[in-house]
Amino acid sequence: MTAREAMEFDVVIVGAGPAGLSAAIRLKQLAAAADHDLGVCVIEKGSEVGAHILSGAVIDPIALNELIPDWKEKGAPLNTPVTDDRFLFLTESSAIKLPNMFMPRLMNNHGNYIVSLGNVCRWLAAQAEALGVELYPGFAASEVLYDEKGAVVGVATGDMGIGRDGEKTAGYEPGIELRAKYTLIAEGARGSLAKQLIARFALDADSDFPKFGIGLKELWEVEPAKHKLGLVTHTMGWPLDASTGGGSFMYHLENNQVAIGFVVHLNYQNPYLSPFDEFQRFKHHPAIRAVLEGGRRISYGARAITEGGLQSVPRLIFPGGALIGCAAGFVNVPRIKGSHNAMKTGMMAAEAAFAALKEGRAGDELEAYPKAWRESWVYKDLKKVRNVKPLWSKLGLFGGLTIGGLDMWMNDLGIGLPFTLGHGKPDYATLNAAARAKPIAYPKPDGKISFDKLSSVFISNTNHEENQPVHLHLTDPSIPIARNLPQWAEPAQRYCPAGVYEVVEGDAGAKRFQINAQNCVHCKTCDIKDPSQNITWCVPQGGGGPNYPNM
Ligand SMILES: Cc1cc2nc3c(=O)[nH]c(=O)nc-3n(C[C@H](O)[C@H](O)[C@H](O)COP(=O)(O)OP(=O)(O)OC[C@H]3O[C@@H](n4cnc5c(N)ncnc54)[C@H](O)[C@@H]3O)c2cc1C
Ligand code: SF4
């Protein structure tokens, strides 16, 4: 083995999303205020900061106000305040507007901004660098480093230049060890290192299963007459049936752009369901098509979103580090907002790490961080809505939303349900057998409003070095054909929003599972939804994956 170079820091942060960047900024702010020298490094698997960020996004600026109070003067790209908030219930041909007065107060978007979260992260990265944070985009953390006592002492980036056959190529370069007194994991939903750490330290021993949705998003430029700057629309109902959770968002941001997206909760039951095709047909609804017709699709992508809420938040610390942001899962599901909580948890972990470093500590548990989270507005934000998702899962759209809505109203008045409901099953265990499920015939895309997967992946600018090991690992390569195909009609063919998984006929008609790893947009859905839990998403070579412009 070629020896790896090592670099030493006080804090290493994995992931340059809102959580990781806020943690880095807070650490450097505290160090500057205390005149204390501090080495902080952030690594990011995207080719640049923002390249892998996909969100709605309407953001609540509460955390940014705390982190950088003069963000307006510093040119933060929060240019579009929400001016109008609409909530529609869709049937196949009609859209019923729910009066805003019936919506729980916490759903109100007054004071929030429509943004590209990718651009917000690019701006946060510039603020971090100005404070002296070392930022390394194009480097994926592939391994956690431990000391002899088992404490985390940093991460290592993957080797570059390993061929598909696992052998070194002429371009081989060994990975680099980034060693630190504390390591903050900010990988977002279903982080690959977070998953290992949760298992190794049994961080989920006292929490409920993590829950997820898949969010698909397109960015459109629409005709100026159809654009209403600041308009936020959410829908529920068609095309999903009442037992399948999810809904859509449509946000009118600057430059005649509209961010349109569709979320399907990954506890869906019908193995024939395709979240991508649900999204495509949703856009043909008269109320939606009317906005998009005559416009131009600019970008496409997909990403898992955490939905477990309060009861699924695992233990946040382990010896030598902590989970921050959606790596732990802090999304407020009914509000579809997690970026403010990601930022605040990053800041709280940074404050705990800085206090520890100042005392000369290293490699121990940052107890002050979970304590601060339990006393924070993040905890209150999630506590109020903790029963909404379980009620929706148990009672379906109508029952769940009626009682969940009532619960949110009561919470607004300080008298919510006095207990916390559990999530029941993990998302991989919810599929019905194919034999009992109804196949879904999706309409063909028209190439104007709706599109196929491959032309969609094309505009996500996804690119992976082809000659590298497949980053989607099958624990048992026989399972897709021997088990998943007969039992669930191999759902990977449909839940993957990038057409990575195919069942193809090989020689003599034998079926074969094909993995087109180069198309992967890093949404992590396969790692979550595979009913046999046979797929492990691992980081590919750094810099690979989507190159989202402003998602
Ligand atoms: C479709 C959709 C719509 C949403 N809408 C909204 C909304 O309107 N408002 C809102 O507030 N929130 C919204 N959210 C949630 C919000 O996007 C998340 O809560 C937020 O992005 C979480 O921030 P994070 O920093 O924890 O993770 P992320 O934003 O996911 O960032 C993680 C970063 O870490 C990098 N990374 C991951 N693993 C590694 C590794 N091993 N090595 C190096 N780098 C790594 C990733 O490439 C990424 O850049 C939405 C989410 C989705 C999917
Ligand atoms: S292979 Fe997995 S992570 Fe990649 S796009 Fe498909 S479902 Fe998402």
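Which residues of H3 are buried? In this predicted model, the buried residues of the helix are Leu117, Gly118, Val120, Cys121, Trp123, Leu124, Ala125, Gln127 and Ala128. The cover over these buried positions of H3 includes two helices that precede it in numbering, H1 (18-33) and H2 (62-67), together with strands E3 (58-59) and E8 (134-137) and helix H7 (339-358).

Helix H3 comprises 14 residues, 117-130. At 1.5 Å a residue, a helix of this length should span 20 Å, and the end C-alpha atoms of H3 are 20 Å apart, so the expected and computed spans agree. Gly132 follows H3 and has a positive phi, near 100°.

Cys121, one of the buried residues of H3, has a relative accessible area of 0%; because the cut-off for burial is under 20%, Cys121 counts as buried. With a disulfide taken as a pair of cysteine sulfur atoms within 2.5 Å, the count of disulfides in the model is zero. Cys121 accordingly takes part in no disulfide, and the nearest cysteine sulfur, that of Cys326, lies 11 Å away.

A further group of cysteines is found around ligand 2. The ligand is surrounded by 13 residues, of which the closest are Cys496, Cys520, Cys523, Lys524 and Cys526. By class, this shell contains 11 nonpolar residues, one polar residue and one charged residue. Cys526, one of the closest residues to ligand 2, is buried, with a relative accessible area of 7%.

Technical notes
Residues are numbered from 1 along each chain as its sequence is written. Chains are lettered from A and ligands numbered from 1 in the order in which they are written. This is a predicted model: local features need pLDDT of at least 70, side-chain atom pairs count only at pLDDT 80 or more; totals for chains, interfaces and linings use all residues. Side-chain values use heavy atoms; hydrogens and water are left out. Buried means under 20% relative accessible area, exposed over 50%, partly exposed in between (1.4 Å probe, protein chains only). Helices (H or I, at least four residues) and strands (E, at least two) are DSSP runs, numbered from the N terminus. The expected span of a helix is 1.5 Å times one less than its number of residues. Contact means heavy atoms within 4.5 Å. A residue is near a molecule or strand if one of its heavy atoms lies within 4 Å of it. Ala, Val, Leu, Ile, Met, Phe, Trp, Tyr, Cys and Pro count as nonpolar, Asp, Glu, Lys and Arg as charged, and the others, Gly among them, as polar.
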